[in-house]
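The following exercises invite the reader to examine a protein model step by step. Each task is followed by a worked solution.

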Amino acid sequence: ALSQATECMCPWETIMNARDRQTMDAHGITCATRNVYFYKEYKYDRLEDAVRYAEIDAKRVRHIDRDS
């Protein structure tokens, strides 16, 4: 469940202006942060997906190194 707090906890809260916050409050709009995981230039919503790709990538690199 999302918090009903009027203070926005969005990652962009430092750039959100007072008018945006007032508009959100007037319409009952809330926001929430979410985790984003990064591996190299890729973004993942789930940690498991990031780990899976990192493991696949590591195996690929070992295979290339072994064949060199």
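**Exercise 1.** Determine which side chain is joined to that of D57 by a polar contact, and describe the surroundings of D57 in this predicted model.

*Solution.*
Step 1. The partner is Y39: a polar contact of 2.7 Å joins its side chain to that of D57.
Step 2. D57 is placed in helix α2, which covers residues 47-67.
Step 3. The relative accessible area of D57 is 7%. Buried means under 20%, so D57 counts as buried.
Step 4. When neighbours within four places in sequence are set aside, D57 is in contact with Y39 and K40.

**Exercise 2.** Characterise the pairing of D57 with K40, stating for K40 whether the residue is buried or exposed.

*Solution.*
Step 1. The side chains of K40 and D57 meet in a salt bridge, with 2.6 Å from N to O.
Step 2. This pair links distant parts of the chain, for D57 belongs to helix α2 and K40 to the loop between β1 and β2, 17 residues apart.
Step 3. K40 has a relative accessible area of 55%. The cut-off for an exposed residue is over 50%, so K40 is exposed. D57, in contrast, is buried.
Step 4. The pair also belongs to a network of salt bridges in which K40, D57 and R60 are linked.

**Exercise 3.** Examine the backbone of K40 and state what sign its phi has.

*Solution.*
Step 1. Most residues other than glycine have a negative phi.
Step 2. The phi of K40 is near 55°, which is a positive value in a residue other than glycine.
Step 3. As for its location, K40 is found in the loop between β1 and β2.

**Exercise 4.** State how many salt bridges the structure holds, and analyse the pairs R34 with D45 and R46 with D49.

*Solution.*
Step 1. The structure holds five salt bridges.
Step 2. One of them is formed by R34 and D45, whose closest N and O atoms are 2.8 Å apart.
Step 3. R34 lies in the loop between α1 and β1 (37-39), while D45 lies in the loop between β2 (42-44) and α2; the pair therefore ties together parts that are eleven residues apart in sequence.
Step 4. R34 and D45 are both exposed.
Step 5. R46 forms a salt bridge with D49, and here the closest N and O atoms are 3.2 Å apart.
Step 6. R46 is partly exposed, with a relative accessible area of 44%. D49 is likewise partly exposed, with a value of 24%.

**Exercise 5.** Describe helix α1 and the residues at its ends, and explain why the helix lies largely in the open.

*Solution.*
Step 1. Helix α1 comprises ten residues, 18-27.
Step 2. The number of these residues that are buried is one, so the helix lies largely in the open.
Step 3. At the N-terminal end, N17 caps α1: one of its side-chain oxygens lies 3.1 Å from the backbone nitrogen of R19.
Step 4. After α1 comes G28, which has a positive phi, near 70°.

**Exercise 6.** Identify the residues that ring pairs link into a cluster, and give the number of aromatic pairs.

*Solution.*
Step 1. The structure holds three aromatic pairs.
Step 2. Ring pairs link four tyrosines, Y39, Y42, Y44 and Y53, into a cluster.
Step 3. Y39 is also the partner of D57 in the polar contact of Exercise 1.

**Exercise 7.** Summarise the protein as a whole, and state where the confidence of the prediction is lowest and highest among its helices and strands.

*Solution.*
Step 1. The secondary structure comprises two helices and two strands. Along the sequence they follow the pattern α-β-β-α.
Step 2. Of the 68 residues in the protein, 10% are buried.
Step 3. The accessible surface comes to about 6,000 Å², and carbon and sulfur atoms contribute 54% of this area.
Step 4. Among contacts with a separation of 6 or more, 12% are between residues 24 or more positions apart.
Step 5. The mean pLDDT of the protein is 80, and 76% of the residues reach 70 or more.
Step 6. Confidence is lowest in α2, with a mean of 89, and highest in β2, at 95.
Step 7. Over residues 1-8 the pLDDT is below 50; this stretch has ten contacts in the model beyond near neighbours in sequence.

How values were computed. Residues are numbered from 1 along each chain as its sequence is written. Side-chain values use heavy atoms; hydrogens and water are left out. Buried means under 20% relative accessible area, exposed over 50%, partly exposed in between (1.4 Å probe, protein chains only). Helices (H or I, at least four residues) and strands (E, at least two) are DSSP runs, numbered from the N terminus. A polar contact is a pair of N or O atoms within 3.5 Å; within protein, one must be able to donate a hydrogen and the other to accept it, and residues adjacent in sequence count only if both atoms are side-chain atoms. Contact means heavy atoms within 4.5 Å. A salt bridge is a side-chain nitrogen of Lys or Arg within 4 Å of a carboxyl oxygen of Asp or Glu. Accessible areas come from the Shrake-Rupley method with a 1.4 Å probe; for residues, only the protein chains shown count as cover. pLDDT is the predictor's confidence in each residue, from 0 to 100. Rings of Phe, Tyr and Trp (its six-membered ring) pair if their centres lie within 6.5 Å; planes under 30 degrees apart count as stacked, over 60 as edge-to-face and the rest as tilted.
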